[in-house]
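Me: I'd like to walk through this structure with some questions. Can we take it step by step?

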2 protein chains.
Amino acid sequence: MNIKEASEKTGVSSAAIRYYEKESLIPAIDRTPVGNRDIDDRIIRRIRFVTQMRAAGMSIENLRRYIELFDAQEDNTKEQKSLLKEQLAVMEEKRDDLQAAIDHLNYKLNHFYDHMETTEAELRALEKEHADKVDHQEETPDDGV
Amino acid sequence: MNIKEASEKTGVSSAAIRYYEKESLIPAIDRTPVGNRDIDDRIIRRIRFVTQMRAAGMSIENLRRYIELFDAQEDNTKEQKSLLKEQLAVMEEKRDDLQAAIDHLNYKLNHFYDHMETTEAELRALEKEHADKVDHQEETPDDGV
DNA sequence: TTAAACCTTCATGTACGCTTCAAGGCAAGG
DNA sequence: CCTTGCCTTGAAGCGTACATGAAGGTTTAA
């Protein structure tokens with residue numbers, strides 16, 4: 001399939017696919033006799049993997065390091081594992097930060113007064129109450145906003 | 001406290017604090033007679049809030065919209081709630097994407113052979129088995145990388 | 001009084017991750 | 001033959017979120 005079809009299939013722009021190839025996030029793509037890219041399912045799978053990891057916040061650079069290790073045929077198992085673990089730790093921390101922010105916003109949402117007469121001081125008090133409840137006190141609670 | 005101390009206290013660079021003020025992510029900061037910023041705990045709390053939301057992937061632009069609504073004294077409750085809900089939805093999706101990627105990497109990690117003799121085909125089979133197990137099959141499984 | 005160590009504003013630079021543009025080639029249809 | 005529509009490469013442009021540098025002011029301490 002040509003690059004446009006691959007783009008439609010994956011939701012990744014043609015330019016981005018070329019960019020991924022240039023950055024070695026996906027393997028070198030086969031060409032037709034006239035030099036056009038001829039994309040198969042293996043490439044599609046790689047593009048999807050890249051998309052998933054990018055969505056999870058993995059940088060192009062880290063993704064390239066990771067993929068290089070896999071593509072090298074030497075026994076890189078240890079390095080691969082430690083790279084995987086590293087990345088997992090980063091992503092888990094990210095997820096937890098995200099969850100904390102979600103909790104924070106949910107709390108705000110659930111304590112909205114219908115006519116919003118709450119003062120900053122009251123909101124701070126509410127925050128404090130919450131902080132105590134979830135045992136996650138900050139040195140300085142936030143400002144009601 | 002001066003901007004350097006605030007920077008040390010929050011882990012946010014002085015330049016970034018000035019930038020946040022200029023972008024109205026934090027309120028206008030009081031000045032000393034000579035024009036230096038004099039930062040109090042209220043500002044520190046705002047900076048921390050900004051930091052948390054930034055870490056959760058909220059853009060400067062959305063954060064500014066959100067804070068503007070709060071700082072305006074009109075009754076914006078409805079808009080505030082819907083903005084909050086919008087942002088929550090974005091963050092929850094982000095969290096779920098992240099979790100999916102974590103699951104994916106964890107799976108890879110747990111199926112590593114100690115001497116990595118696995119072929120691509122075997123890896124694909126493993127992926128498939130996993131996909132079946134968690135009932136999250138992709139149209140095209142990824143490529144073992 | 002002179003240097004260090006802060007601060008200010010304003011302008012420009014930087015990194016990332018693409019997107020868009022320019023210039024051109026190939027193949028099919030009218 | 002010419003337009004349409006796909007493709008190619010390389011280079012330049014762009015938005016975000018700051019970082020850095022220039023030019024200058026103030027306070028403290030030797």
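Reply: Sure, and keep in mind that this is a predicted model. Let's start with a charged residue of chain B, Glu61(B), which has 43% relative accessibility.

Me: Is Glu61(B) buried, partly exposed or exposed?
Reply: Buried needs a value under 20%, and exposed needs one over 50%. Glu61(B) has 43% relative accessibility, so its class is partly exposed.

Me: Which residue forms a salt bridge with Glu61(B)?
Reply: Look along helix α4 of chain B, residues 60-71, for a partner three residues away, about one turn of the helix. In an α-helix there are 3.6 residues a turn, so residues three or four places apart point the same way. The closest N and O atoms of the pair are 2.5 Å apart, and the partner is Arg64(B).

Me: And is Arg64(B) buried or exposed?
Reply: The cut-off for buried is under 20%. Arg64(B) comes in at 17% relative accessibility, so Arg64(B) counts as buried.

Me: How many residues apart in sequence are the parts that Glu86(B) and Arg65(B) tie together?
Reply: These two form a salt bridge, with the closest N and O atoms 3.7 Å apart. Glu86(B) sits in helix α5 (residues 77-110) of chain B and Arg65(B) in helix α4 of chain B, so the parts they tie together are apart in sequence by 21 residues.

Me: What class does Arg65(B) fall into by accessibility?
Reply: Its partner Glu86(B) has 47% relative accessibility and counts as partly exposed. Arg65(B) has 35%, so Arg65(B) also counts as partly exposed.

Me: How many salt bridges does the structure hold over all chains?
Reply: Besides the pairs we've met, Asp96(B) forms one with Arg95(B). In chain A, Glu21(A), Arg31(A) and Arg37(A) are linked in a network of salt bridges. Over all chains, the number is 14.

Me: Now helix α3 of chain B: what span should its 15 residues have?
Reply: The helix covers residues 41-55, and each residue adds 1.5 Å. The expected span uses one less than the number of residues. The end C-alpha atoms agree with the result, because the expected span and their separation are both 21 Å.

Me: Which residue has a side-chain oxygen reaching the backbone nitrogen of Arg42(B)?
Reply: Look at the start of α3(B). The oxygen comes to within 3.2 Å of that nitrogen, and the residue is Asp40(B).

Me: Let's turn to the DNA. What share of the atoms of DNA strand D within 4 Å of the protein belongs to sugar or phosphate?
Reply: Some phosphate contacts set the scene: a polar side-chain atom of Ser13(B) lies 2.4 Å from a phosphate oxygen of strand D, and one of Arg54(B) lies 3.0 Å from a phosphate oxygen of that strand. Bases make up the rest of the nearby strand atoms, and the sugar or phosphate share is 90%.

Me: Which element gives the most to the surface near DNA strand D?
Reply: There are 17 residues around this strand, with Lys4(A) and Arg18(A) among the closest. The element in question gives four residues, and it is α2(B).

Me: And for DNA strand C, which element gives the most?
Reply: This strand is also surrounded by 17 residues, Ser13(A) and Lys4(B) being among the closest. A phosphate oxygen of strand C is 2.5 Å from an N or O atom in the side chain of Arg18(B). The top contributor gives four residues, and it is α2(A).

Note on methods. Residues numbered from 1 in each chain as written. Chains lettered and ligands numbered in written order. Predicted model: local features only at pLDDT ≥ 70, side-chain atom pairs only at ≥ 80, totals over all residues. Heavy atoms only, no water. Near = heavy atom within 4 Å. Polar contact = N/O pair within 3.5 Å; in protein donor to acceptor, adjacent residues only side chain to side chain. Helix = DSSP H or I, 4+ residues; strand = E, 2+ residues; numbered from the N terminus. Salt bridge = Lys/Arg side-chain N within 4 Å of Asp/Glu carboxyl O. Buried < 20%, exposed > 50% of the residue type's maximum accessible area, 1.4 Å probe, protein only.
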